[in-house]
Amino acid sequence: GTYGDMEFTDGEATITLTGQNDNCSKTATGLMYGTTYTVAQTAVDGFTTTIGSEEVSVKTATINSEEATVAFTNTRQTGNLTVTNTVYPSDNDTDFEFTVALTNAPITGTYGGMMFENGIATVTLKGGGSAEATGLPTTVEYTVTQTANDDFSTTKTGDTGTISATLSVAAFKNIKLTEARFDIDWHDGGNTSSRPEGLTTE
């Protein structure tokens, strides 16, 4: 039957709460004195659940003359993302631009050393530089891209992933491209027909 805000079937009721002001609690009224009850919350990925000071999601107690309250607190788990830039040979003058995109979390605000707008942040790093976003929600997916620089060859690791309690690192390495000139002397008496059409260096 229905008891206040809850409808029971065979002694069990299921409710859904959002945490918003108009849907953050439900009350069952008219329950029999001395009834033992258990309230359990289904685990939600990315959140830590506590009741009081204990990290638990189940409570069992008995109805008495006072109103019984079971208060769950769900705290969003967070993690950090660091972007690093290594330049070879060492270069402390050239700026490299990086874009951090949170593909499933259009957040806006400052998180550590990055300012996001609709899930996008842009940072500029020199050689040996780094930037860290702190307090990002776990389970958020990210992609880090570097704006192309034609003077450098770029390699990267960890540029895509999912934020977790373990530090995520997107590491970029930029190697300066150099030009090489080769002068070749042909000892063929000027017979150009015997010369190869192209040369390959390794």
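Strands here are DSSP runs of E at least two residues long, numbered from the N terminus. Keep that in mind as you click around, and remember that this is a predicted model.

**Stop one: the loop after β7**

Select P89, which sits in the loop between β7 and β8. Now look at the bond leading into this proline: the peptide from Y88 to P89 is cis, and its omega is near -10°. For context, most peptide bonds are trans.

**Stop two: the nonpolar core**

Next, colour the largest nonpolar core, a set of 24 residues. Good ones to show as sticks are V83, V100, L102, M114, F116 and V144, which have the most contacts inside this core. Which elements give two or more residues to it? They are β7 (78–88), β8 (96–102), β10 (114–116), β11 (120–125), β12 (130–137), β13 (141–146) and β16 (168–176). The biggest contributor is β8, with 4 residues.

Centre the view on V83 and bring up what surrounds this valine. Setting aside residues up to four places away in sequence, V83 touches F98, V100, M114, L125, G129, S130, A131, V144, A170 and F172.

**Stop three: an open sheet**

Hide the side chains and switch to cartoon. Pick out β11, β8, β13 and β15, in that order: together they make an open sheet of 4 strands with antiparallel pairing. Which strands stand at the edges? Those are β11 and β15 (160–162); each has a single partner strand, so one side of each is left without a neighbour in the sheet. Going from one strand to the next, the twist averages 20°.

Zoom in on β13 and β15, an antiparallel pair joined by 3 bridges. Select T143 and look across to β15: its bridge partner there is T160.

**Stop four: D159**

Now move to D159, in the loop between β14 (152–157) and β15. Is this aspartate buried or exposed? D159 has a relative accessible area of 16%, and buried means under 20%, so D159 counts as buried. Leaving out neighbours within four places in sequence, D159 contacts Y142, T143, V144, A170 and F172. You have met some of these already: V144, A170 and F172 are also among the residues that V83 touches.

**Stop five: two positive phi values**

Most residues other than glycine have a negative phi. Here are two to check against that.

- T139 is in the loop between β12 and β13. Its phi is near 75°, a positive value in a residue that is not glycine. T139 counts as partly exposed, at 28% relative accessibility.
- D10 is in the loop between β2 (6–7) and β3. This aspartate is not a glycine either, yet has a positive phi of about 55°. At 81% relative accessibility, D10 counts as exposed.

**Last stop: the largest pocket**

Finally, turn on a surface and find the largest pocket. How much volume does the largest pocket have? About 1,600 Å³. Its lining is made up of 41 residues, and the ones to select for a view of the middle are M6, I15, K26, V39 and F72, which lie nearest its centre. Two strands, β3 (36–40) and β6 (72–76), each supply at least two residues of the lining. The largest share comes from β3, which gives 5 residues.

Technical notes:
Residues numbered from 1 in each chain as written. Predicted model: local features only at pLDDT ≥ 70, side-chain atom pairs only at ≥ 80, totals over all residues. Heavy atoms only, no water. Core = buried A, V, L, I, M, F, W, Y, C linked by side-chain atoms within 4.5 Å. Buried < 20%, exposed > 50% of the residue type's maximum accessible area, 1.4 Å probe, protein only. Contact = heavy atoms within 4.5 Å. Pairing = 2+ DSSP bridges. Axes fitted to C-alpha atoms, helices over the stretch in contact; angles between N-to-C directions. 1 Å grid on protein atoms, 1.4 Å probe; cavity = no way out; pocket = protein on both sides within 12 Å on 5 of 7 lines; lining within 4 Å. Points joined across faces, edges and corners; volume = space filled by probe spheres on them.
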